[in-house]
Amino acid sequence: MRVVSTKEAPAAIGPYSQGIVVNNLFYSSGQIPLTPEGSMIEGDVVEQTHQVFRNLQAVLLEAGATFETVVKATVFIKDMNDFGAINEVYGEYFSNHKPARSCVEVARLPKDAQVEIEVIALVK
């Protein structure tokens, strides 16, 4: 087991890591729209979703994985009415490669984020 940690994504805001690699699989913690410095992105759900994907890209890279090796994504959204906007951004990062996915609306996310995404990916 290997702990994944990069300064290119926000540090964990609790007693957990940015991700863990076990054998050839990477399990990310949920990424919310924080900058690597820890500031919340102000803006709409589209801007927040892009920041979440920048964070995911950073932890994937550190783990030795890419968006192309993601096998499962879980998307947590604050308001299901934002599904279309989030899905539009999601499709920019997963255009040809489409991993399995779950999407659920939740009552509240850390730091009142509008979106949080976690992934499981194969490590090269």
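## A walk from the loops to the core

Let's start at aspartate 112, which sits in the loop between strand S5 (100–105) and S6. Keep in mind as you look around that this is a predicted model. Is aspartate 112 buried or exposed, or something in between? With a relative accessibility of 38%, aspartate 112 counts as partly exposed, because that label covers whatever falls between the 20% limit for buried and the 50% limit for exposed. Setting aside neighbours within four places in sequence, aspartate 112 is in contact with Met40 and Lys78. You can also use aspartate 112 to get a feel for folding: valine 52 is 60 residues away from it in sequence, yet the two C-alpha atoms are 14 Å apart in space.

Now hop over to another loop, the one between strand S3 (25–28) and H1, where you'll find threonine 35. Being in a loop doesn't leave threonine 35 out in the open here: its relative accessibility is 15%, so it counts as buried. Who does threonine 35 touch, once residues up to four places away in sequence are left out? The list is Pro10, Ile41 and Gln51.

A second threonine is worth a stop. Threonine 6 belongs to the loop between strand S1 (2–4) and strand S2 (19–22). Threonine 6 is buried too, because its relative accessible area is 10%. Its side chain reaches the backbone nitrogen of glutamate 8 at 3.0 Å. Not counting neighbours within four places in sequence, threonine 6 is in contact with Gln18, Ala58, Val59 and Glu62.

Next, the helices. Two packed helices are described by the angle between their axes and the distance between the axes. In this model, helix H1 (residues 45–63) and helix H2 (residues 83–93) have axes that come within 9 Å and cross at roughly 30°. The crossing of H1 past H2 is right-handed. Which residues make the meeting happen? From H1 come Val45, Val46, Thr49, His50 and Phe53, and on the H2 side they meet Ala85, Ile86, Val89, Tyr90, Glu92 and Tyr93. Sorted by class, the contact of H1 with H2 has 8 nonpolar, 2 polar and 1 charged residues.

That brings us to the inside of the model. In soluble globular proteins, nonpolar side chains tend to be buried together. Here the largest nonpolar core has 27 residues, and Phe26, Phe53, Leu60 and Ile117 touch the most other members. At least two residues of this core come from each of H1, strand S4 (70–77), H2 and strand S6 (115–122). H1 gives the most, with 8 residues.

Take a closer look at two of those well-connected members. Leucine 60 touches Phe26, Ala65, Thr66, Phe67, Val70, Val119 and Ala121, leaving out residues up to four places away in sequence. Isoleucine 117 is found in strand S6, and with a relative accessibility of 0% it counts as buried. Beyond its neighbours within four places in sequence, isoleucine 117 is in contact with Ser29, Gly30, Gln31, Val52, Phe53, Leu56, Thr74 and Val75. Compare its position with leucine 25: the two are 92 residues apart in sequence and 17 Å apart in space, C-alpha to C-alpha.

Finally, there is a second, separate core of 5 residues, including Leu34, Phe76, Leu109 and Ala113.

How values were computed. Residues numbered from 1 in each chain as written. Predicted model: local features only at pLDDT ≥ 70, side-chain atom pairs only at ≥ 80, totals over all residues. Heavy atoms only, no water. Axes fitted to C-alpha atoms, helices over the stretch in contact; angles between N-to-C directions. Helix = DSSP H or I, 4+ residues; strand = E, 2+ residues; numbered from the N terminus. Left-handed = near helix turned anticlockwise from the far one by under 90°. Contact = heavy atoms within 4.5 Å. Nonpolar A, V, L, I, M, F, W, Y, C, P; charged D, E, K, R; others polar. Core = buried A, V, L, I, M, F, W, Y, C linked by side-chain atoms within 4.5 Å. Buried < 20%, exposed > 50% of the residue type's maximum accessible area, 1.4 Å probe, protein only. Polar contact = N/O pair within 3.5 Å; in protein donor to acceptor, adjacent residues only side chain to side chain.
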